[in-house]
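Biologist: Before we discuss anything in detail, I would like to learn how to read helices, sheets and charged pairs from a set of coordinates. Could you take me through them one at a time?

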Amino acid sequence: MRVTIAGAGAVGRSIAAELLENGHEVLLVDIDPRAIKIDTVPRAEWLLADACEISSLDEAGLADCHVVVAASGDDKVNLVVSLLAKTEYGVPRVVARINHPKNEWLFNESWGVDVAVSTPRLLSALVEEAVSVGDLVRLMTFRQGQANLVELTLPEDAPVVGHRAGSVPWPTDTALVAILREGRVLVPSEDDPLEAGDELMFVANQEVEEELARLLSPRPAAG
C-alpha cells in the first residue's frame, strides 16, 4: 500500500516509521526544510513541498496513493490536504489529524475526511477506558457523526454476561468487532460467550450508543 503523509513533524515521522515496519511505501511531504530529517526515517521517500498546492500533490503522485494522512500541526492545512486528496485525486482513504478540539466539527466527509483523529479526544478516551468499567467510551469517529469505534468493559453484574454473542439483541447499526480477554484479541463468533471483564469493541452509529450502553451495563449510560 502506498501512503502519503502531509506533515513530517514528530507525529508524521512516527506514523511513517510504523507503516514502513508493516511493509508499506511511505512518502513524507513538508513545506518546512527543518522538518526534512531524512536520517530519522531513512526508508521513507521525502518531498520538500507545500502539500496544499496541486503542483506539489502532482509531484507526490497522489493519484497512485491508497491512503493520505493529513498529519500537520495546522488544522487548516489538514483540511485543505484532505479536500484536495479526495476531490482532485480520488484517494480511497483520507485520515486527518485534529489539533484543536474546537475544529472537530469541520473534519467530515464534506472536507474529504474519512477518519478524523483528535489527539486530545483520543487521550481522554484512553484515560477513561483505563479506569472505567461499565461505561461506554468513544475511541474514534468515522465519517463525523455517523459511526464511532466504542469500547465497554463488562462489569460482573452486566445483563449479557454468560450469554452467547449471537443471542444478544444488539441495536440496529451496531457491530461487535472484537473481544479483548486476558491479553488476547478474539474475533467474535455467534457462539462466543461474553464474560465479566471482557473489553468489547463496537462500531456503532452514534444514535444507538445510549441504547447499547443500557444493554451492556446495569448502570445508567454516561452523559
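Modeller: What follows is a walk through one helix, the sheet and several salt bridges, and please keep in mind throughout that this is a predicted model.

Biologist: Let us begin with the helix. How many residues does helix H1 have, and what distance does it reach from its first C-alpha to its last?

Modeller: Helix H1, residues 10-21, has 12 residues and reaches 17 Å between those two atoms, which is close to the 16 Å expected at 1.5 Å a residue.

Biologist: Which residues of H1 are buried, and which exposed residues does the face turned away from the buried side carry?

Modeller: The cut-off needed here is that buried means under 20% relative accessible area, whereas exposed means over 50%. In H1 the buried residues are Gly12, Arg13, Ala16, Leu19 and Leu20. They cover an arc of only 130 degrees around the axis, so they are on the same side of H1. The face turned away from that buried side carries Ala10, Glu18 and Glu21, which are exposed.

Biologist: What covers the buried residues of H1, and what follows H1 along the chain?

Modeller: The cover includes strand S1 (2-6), strand S2 (25-30) and strand S3 (45-48). As for the chain, H1 is followed by Gly23, a residue whose phi is positive, near 90 degrees.

Biologist: Now the sheet, please. In what order are its strands arranged, and which kind of pairing does it have?

Modeller: The sheet is open and has 11 strands with mixed pairing, in the order S3-S2-S1-S4-S5-S6-S7-S8-S11-S9-S10. Its edge strands are S3 and strand S10 (184-186), each of which pairs on one side only. On average, neighbouring strands of this sheet are turned by 20 degrees against each other, with direction ignored.

Biologist: Where do the helices lie with respect to these strands?

Modeller: Helix H1 lies across S1, S2, S3, strand S4 (67-70) and strand S5 (93-98), and runs at about 170 degrees to S2. Helix H5 (residues 209-216) also packs on the sheet, where it touches S7, S8, strand S9 (174-181) and strand S11 (199-205), and the direction of H5 makes about 150 degrees with that of S11.

Biologist: I would like to look at one strand more closely. How many bridges join strand S7 to strand S8, and how many join S8 to S11?

Modeller: Strand S7 (residues 137-142) and strand S8 (residues 147-153) run antiparallel and are joined by five bridges. Within that pairing, Arg138 has Val150 of S8 as its bridge partner, while Val137 has Glu151 of S8. Between S8 and S11, which also run antiparallel, there are seven bridges, and here Thr153 has Glu199 of S11 as its bridge partner.

Biologist: Why is S8 described as largely enclosed by the rest of the structure?

Modeller: The description holds because six of the seven residues of S8 are buried.

Biologist: Let us finish with the charged pairs. How many salt bridges does the structure hold?

Modeller: The general idea is that side chains of opposite charge can pair when their charged atoms come close. This structure holds nine salt bridges. One of the pairs is Arg34 with Asp32, whose closest N and O atoms are 3.0 Å apart; Arg34 counts as exposed at 67% relative accessibility, and Asp32 as partly exposed at 24%.

Biologist: What is the salt-bridge partner of Lys76, and where is Lys76 placed?

Modeller: Lys76, which is in helix H3 (residues 75-87), forms a salt bridge with Asp74, and the closest N and O atoms are 3.5 Å apart. Lys76 is exposed, with a relative accessible area of 62%, whereas Asp74 is partly exposed, with 29%.

Biologist: Which salt bridge links distant parts of the chain?

Modeller: The side chains of Asp198 and Arg181 meet in a salt bridge with an N to O distance of 2.7 Å. This pair links distant parts of the chain, since Asp198 is in the loop between S10 and S11 and Arg181 is in strand S9, 17 residues apart. Asp198 counts as buried at 1% relative accessibility, and Arg181 counts as buried at 14%.

Biologist: Which residues are linked in a network of salt bridges?

Modeller: Such a network links Arg2, Glu25 and Glu45.

Key:
Residues are numbered from 1 along each chain as its sequence is written. This is a predicted model: local features need pLDDT of at least 70, side-chain atom pairs count only at pLDDT 80 or more; totals for chains, interfaces and linings use all residues. Side-chain values use heavy atoms; hydrogens and water are left out. Helices (H or I, at least four residues) and strands (E, at least two) are DSSP runs, numbered from the N terminus. The expected span of a helix is 1.5 Å times one less than its number of residues. Buried means under 20% relative accessible area, exposed over 50%, partly exposed in between (1.4 Å probe, protein chains only). The arc is that of the directions from the helix axis to the C-beta atoms. Contact means heavy atoms within 4.5 Å. Two strands pair if DSSP finds at least two bridges between them. Axes are lines fitted to C-alpha atoms, for helices over the stretch in contact, and angles run from 0 to 180 degrees between N-to-C directions. A salt bridge is a side-chain nitrogen of Lys or Arg within 4 Å of a carboxyl oxygen of Asp or Glu.
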